[in-house]
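Please open the structure in a viewer and display it as a cartoon. The tour below proceeds by selection.

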Amino acid sequence: MAGVTRGGTIIGWGAALPDRVRTNADLEAHLATTDAWIRERTGIRERRVGSSTTDLAVDAGRAALARAGVDPASVGMVLVATCSPDQALPATAAHVQRALGTGGGALDVNGACAGFVYALVCAFGLVATGVERILVIGAETMTRLVDDTDRTTAILFGDGGGAVVVEAVDGPGALLGTDLGCDGSGAHLLACEVGGTMVMDGREVFRRAVRATVRSAGAALDRAGLRPDDVDVLVPHQANARILDAACERLGIASARAVSTLEHSGNTSAASIPLTLCHAAATGRLHPGDRVLFVGFGAGMSWASAVVRWDAPAAAAMHAGDPWATMSAGIPSSDEDRTGGDT
Ligand code: COA
């Protein structure tokens, strides 16, 4: 980006998902809902449930460091994006620091579902101040925040974690454009008291989510000097397939370029974007030089977008330990998805 004296790039990524699957049929058993309704109105078929936010953060962070081949002690900062920490104090990042033996600072970021992109942009900013390596994690146990008897929220959310390692490079680096924003007048639309459960005005959140995604992604692309058609891979927050489709259409980005994991993971809030990035990498959708657009939105209402050039070598195929390897079949997994969008 213009004016940045030292940049960063993503050198590692990792995902963590609990083993337990909660299907729509499981929800049908105790809620006045149906699998057909949930799939049609949200695109979600199942979600992962369980573990703790700390364990998911540690597992995803460990995988990202291993992928990067980085000594944890050489990390200069851990940023954990979460709105569902296990404890109010200390930060989840402190537990990650202890478990992984990272150096430097450790801090949580609460930007709700936009939190990971907020933290990612902060990581690039820290590189500019002299930090060499930053571990950026999104980890959530959202199913602990939902009221199991509320069919409007219980159907949406899941648990998981994802992480990337950002490393300093010579020159301006891989961050090409950003947009961060918040409209606190919408705070009541999606909220959770400490110790309580989530309340949500679904229709209004839906409306604002589409608008925020389109405006924020457009602003980040403008700052990067790119057009929607220049986006090779869109890694959006996974909230609702209809939000994604509407945003893609209004942005003018072919939906085939958007990576979707929603069907199998539900909305994992700050974990959804790094989890989806890991899926894109594991299924061969990321290539060196690709322009990747990350866009998140959520409670606040807050939103965050970042355009990042993918500098890592073409990712290796999914390996046995990759949590995505345990997912049900059916997620698009190759460049075929992209060819459809090139017309
Ligand atoms: N199963 C069956 N029926 C349901 C239902 C469920 N799980 N949830 C709501 N309904 C009913 C409603 O009661 C309503 O019935 P009525 O017409 O008799 O009043 C009807 O379905 C339509 O409700 P509506 O709220 O208009 O549905 P919707 O199409 O907007 O879908 C959401 C509801 C929650 C799926 C949708 O609004 C949404 O995804 N919003 C965004 C939420 C989100 O992404 N939050 C996180 C942001 S990070």
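The stops below visit two sheets and the helices that lie on them.

This is a predicted model, in which local features need pLDDT of at least 70, side-chain atom pairs count only at pLDDT 80 or more, and totals for chains, interfaces and linings use all residues. Residues are numbered from 1 along each chain as its sequence is written, and side-chain values use heavy atoms, with hydrogens and water left out.

**The sheet with β1**

Select β1, β7, β6, β4 and β5, which in this order form an open sheet of 5 strands with mixed pairing. Helices (H or I, at least four residues) and strands (E, at least two) are DSSP runs numbered from the N terminus; two strands pair if DSSP finds at least two bridges between them. β1 (7-16) and β5 (105-109) are the edges: each has a single partner strand, so one side of each lacks a neighbour in the sheet.

Next, select β4 (residues 77-81), which is joined to β5 by 5 bridges in the parallel sense. Here A81 has V109 of β5 as its bridge partner.

**The sheet with β8**

Now select β8, β13, β12 and β11, an open sheet of 4 strands in that order, again with mixed pairing. Its edge strands are β8 (175-182) and β11 (233-236). Between β12 (residues 291-298) and β13 (residues 302-309), which are antiparallel, there are 8 bridges. L293 stands opposite V307 in β13.

**The helix α5**

Finally, select helix α5 (residues 115-128), which packs on this sheet and touches β8, β12 and β13 (contact means heavy atoms within 4.5 Å). α5 also lies across β1, β4, β5, β6 (133-141) and β7 (159-169).

How values were computed
Axes are lines fitted to C-alpha atoms, for helices over the stretch in contact, and angles run from 0 to 180 degrees between N-to-C directions.
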